[in-house]
Structures are given as structure tokens and as C-alpha cells.
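Visitor: I should like to understand how the descriptive terms for a structure follow from computed values. Please show me the structure first.

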Amino acid sequence: MNEILTAVLLIAGGLFSFIASLGMLRLPDTIIRMHAATKAGALGAGLIFIALAFHHFELATTLRALAAVTFILLTAPVAAHLIGRAAYCSKVTLWEKTWIDELANTCDWRTGEFETEKNSTSETQPTKGDDR
Amino acid sequence: MNMENLFLKIATEITLILLMIGIILAFIRLLIGPDPADRIVALDLISILIVGLLAAFSIYTNEKSFLDVAIAYALIAFLGTVALARYRERLAKQRGSAETDKEIE
């Protein structure tokens, strides 16, 4: 029974990882590609670690596998936030069908800070992505 | 070898093959990515896939020490991604301040 559960979790994790890399290759721009890479990739690796925890079913190994899952779930959003901020602040080209860009003209180059409160009234209008 | 062990072996092999194909696809994006941020995202995905590959390989060979390798690799990969992202942002900041200086002049 344990083997069946391990096998199902493994195949699910492998499929999620494969879908993540497929989206990495096929999706149209950097920000959209990050959507595939970080979420599906972390989910796939986490599922494989849970399968590992069920395979070696003993206290030390299972605890280490669960600690690895926790570590992946903690670090993947942080890394994704940093990459997304760097990509947006370096004026990466958005997809041509992007029709709403709520952060347009809010990245200050001098300090690297986003100013969302100061000109929030003008940013609620949908703007073209290339107007940054 | 009974039925369940055979099923687990086939599932592990399928998972390893899927992860290898995934690493190849992400590596193509690492090669062709138009922006440096694309390459950083691809590198992050490759390292997370390698962590999953190490965990799946630990099941395949029934060896527990690959789990420690996977945890250490995940830690180092996170540090590398953070360093590359900070570098990209600092590069953009320097270029942006150079452009605004030119506009002021």
C-alpha cells in the first residue's frame, strides 16, 4: 500500500515539474514564465519529497523530508519575489496583449522603491504595457 | 519482486525521465532567453528540478543520503538565485540612474 502511495505522489510530482518546464519554454514573457516556473516547480519538488517521506517510512528520514518541503515552500516565494522585482524594475518587455499594468511608472530608479501611494489615482486606469 | 514494487520501480523511472526532459526544456530557455531575468528564472527552475531529481533518485536507489544532498543543494540554489536577482536589480538601477542623469544634463 505504501508503494502505491509513493508511486502516485512521485508521478504527480514528475508531471507538475514537467508542466513547469513546459510552461517555462512556451509562455510568452518573463513575468508569465515565472508564474509557471516558481509555483508548479515548487509543488512538483514538494510532492516528490513527500513521496520520499512515505518511501523511507522512519522518523529521521521522514522528518528531514518534511523539513525540506518546508524549506522549499519558504524559499520559493522569496526567490520569486526578488526575481520578479528585478525583472520589472529592469523594464523587461511585457507581452503585447498585456492591457493592465498597475505598477506603471512607479519604480523609482534612484532608490529602487515602488511608489504606489503617491500617484495611486492615476494608476487605476488600465494602461498599455509599453507606456512604462 | 511483487506487483507493488514493480509498479513503484516503473513510476520512479517515469518520474526520472520526466524530470530529465524538464531540465532539458528549461536549459533551452536558459540558452535562448532574451532577457537576463529569463535566464535567472530558468536557472531557478533547473535547480529546483535537480532537487526533485535527487529526491526521486533517492527512492530509485533506496539510498537515504541523497536526501541530505538534496537539502544542501536546495539551500545553495536559493542563495545563488537571490544573489543573481540582486545583481540584476542593481544593474538596472545603475543603468536607470545613468539615463536620468543624461536627461537632467
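Guide: The exchange below sets values from this predicted model against their definitions.

Visitor: What makes the pattern of chain B α-α-α?

Guide: Helices and strands are taken as DSSP runs, with at least four residues for a helix and at least two for a strand. Chain B has 3 helices and 0 strands, and reading along its sequence therefore gives α-α-α.

Visitor: How do you know whether chain B matches a compact globule in its radius of gyration?

Guide: The globule rule multiplies 2.2 Å by the number of residues to the power 0.38. For 105 residues this comes near 13 Å, but chain B has 20 Å. Its C-alpha atoms fill a box of roughly 80 × 25 × 15 Å along the principal axes.

Visitor: Why is helix 2 of chain A called mostly covered?

Guide: A residue is buried if 20 or more other C-beta atoms lie within 10 Å of its own. In helix 2 of chain A, 20 of the 26 residues are buried. Of the 105 residues of chain B, 39% count as buried.

Visitor: How do you know that the span of helix 2 of chain A agrees with its number of residues?

Guide: At 1.5 Å a residue, the 26 residues (30-55) should span 38 Å, and the end C-alpha atoms are 37 Å apart, so the two agree.

Visitor: What makes up the side of chain B that touches chain A?

Guide: Contact requires C-beta atoms within 7 Å; 49 residues of chain B are in contact with 49 residues of chain A. Helix 1 (3-32), helix 2 (36-61) and helix 3 (65-104) of chain B each supply at least two residues of that side. Its residues divide into 29 nonpolar, 10 polar and 10 charged.

How values were computed: Residues numbered from 1 in each chain as written. Chains lettered and ligands numbered in written order. Predicted model: local features only at pLDDT ≥ 70, side-chain atom pairs only at ≥ 80, totals over all residues. Buried ≥ 20, exposed ≤ 12 C-beta atoms within 10 Å, placed from the backbone. Expected span 1.5 Å × (residues − 1). Contact = placed C-beta atoms within 7 Å. Nonpolar A, V, L, I, M, F, W, Y, C, P; charged D, E, K, R; others polar.
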